[in-house]
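Student: I am new to this structure and would like a close look at a single part of it, set in the context of the whole chain. Could you take me through it slowly?

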Amino acid sequence: MNTASNKVSKVGGIITAICLILLGILIFTFPIGSMVLSTWLFTAGVGIYGLFHILAYVKTPAGLRNGWQLAGGIMAIILFFIMLPVYGEIKFFSNLGVIMFLLAFYSIPNGVTTLTSLGHLGHGRL
């Protein structure tokens, strides 16, 4: 066994554990603020994810492009703009069902994109 990699893994595990403990304490201390921050981070992540999918589609050579990747990117950008005003309002919990529906609907093209990408990597074999 490589002792250097074991040491790095152990240090990484300790740092991760400490960060998770601190995160848990912060969430217990500031539950509403944590929820608002995490929803804003999630919204930003969806927007960045969609932008990168669209850019990846544009940069891919024409013969290898996957329309589902573009569809997933466009849906992520649409979801990003729909989620922005929802998180800014006090009615967050009343809109949570709508957000979950949109998120579920958004995940379908991304699952298809992943499966078709795996098919392209394996030359048609999953």
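**The nonpolar surface patch and its surroundings**

Tutor: Let us begin at the surface of this predicted model, where Ile14, Ile18, Ile21, Leu22 and Ile25 form a nonpolar patch that has, taken together, about 480 Å² of accessible area. One of these residues, Ile18, belongs to helix H1, which covers residues 3–29, and Ile18 counts as partly exposed because its relative accessibility is 47%, a value that falls between the 20% limit for buried and the 50% limit for exposed.

To place this patch in its setting, it helps to look at the chain as a whole. The protein chain contains four helices and zero strands, so that reading along the sequence gives the pattern α-α-α-α. Of the 126 residues in the protein chain, 21% are buried, while the accessible surface comes to about 9000 Å², with 79% of that surface belonging to carbon and sulfur atoms. As for how the chain meets itself, 59% of the contacts between residues at least 6 apart in sequence join residues that are at least 24 apart.

From the surface we can turn to the interior, where the largest nonpolar core is made up of five residues, namely Val46, Ala76, Leu79, Phe80 and Met83. Helix H3, residues 67–88, gives the most to this core, with four residues. If neighbours within four places in sequence are set aside, Met83, a member of the core, is in contact with Phe42 and Thr43.

Helix H3 also holds Ile78, which is not a buried residue but counts as partly exposed, because its relative accessibility is 47%. Although Ile78 and Gly47 are separated by 31 residues in sequence, their C-alpha atoms are 8.5 Å apart in space.

Another residue worth following is His53, which is found in helix H2, residues 31–59. His53 is buried because its relative accessible area, 13%, is under the 20% limit. The side chain of His53 is joined to the side chain of Tyr49 by a polar contact of 2.9 Å, and the C-alpha of His53 lies 6.4 Å from the C-alpha of Leu70, a residue 17 places away in sequence.

Finally, the loop between H2 and H3 contains Asn66, and because its relative accessibility is 10%, Asn66 counts as buried. The side chain of Asn66 reaches the backbone nitrogen of Trp68 at a distance of 3.0 Å.

Coming back to the part we began with, the patch of Ile14, Ile18, Ile21, Leu22 and Ile25 lies on the surface, whereas the core that includes Phe80 and Met83 is a set of buried residues.

Conventions. Residues numbered from 1 in each chain as written. Predicted model: local features only at pLDDT ≥ 70, side-chain atom pairs only at ≥ 80, totals over all residues. Heavy atoms only, no water. Core = buried A, V, L, I, M, F, W, Y, C linked by side-chain atoms within 4.5 Å. Buried < 20%, exposed > 50% of the residue type's maximum accessible area, 1.4 Å probe, protein only. Helix = DSSP H or I, 4+ residues; strand = E, 2+ residues; numbered from the N terminus. Contact = heavy atoms within 4.5 Å. Polar contact = N/O pair within 3.5 Å; in protein donor to acceptor, adjacent residues only side chain to side chain. Patch = residues over 30% accessible without salt bridge, like charges linked within 9 Å, V, L, I, M, F, W, Y side chains within 5 Å. Areas by Shrake-Rupley, 256 points an atom, 1.4 Å probe, with all protein chains shown as cover. Salt bridge = Lys/Arg side-chain N within 4 Å of Asp/Glu carboxyl O.
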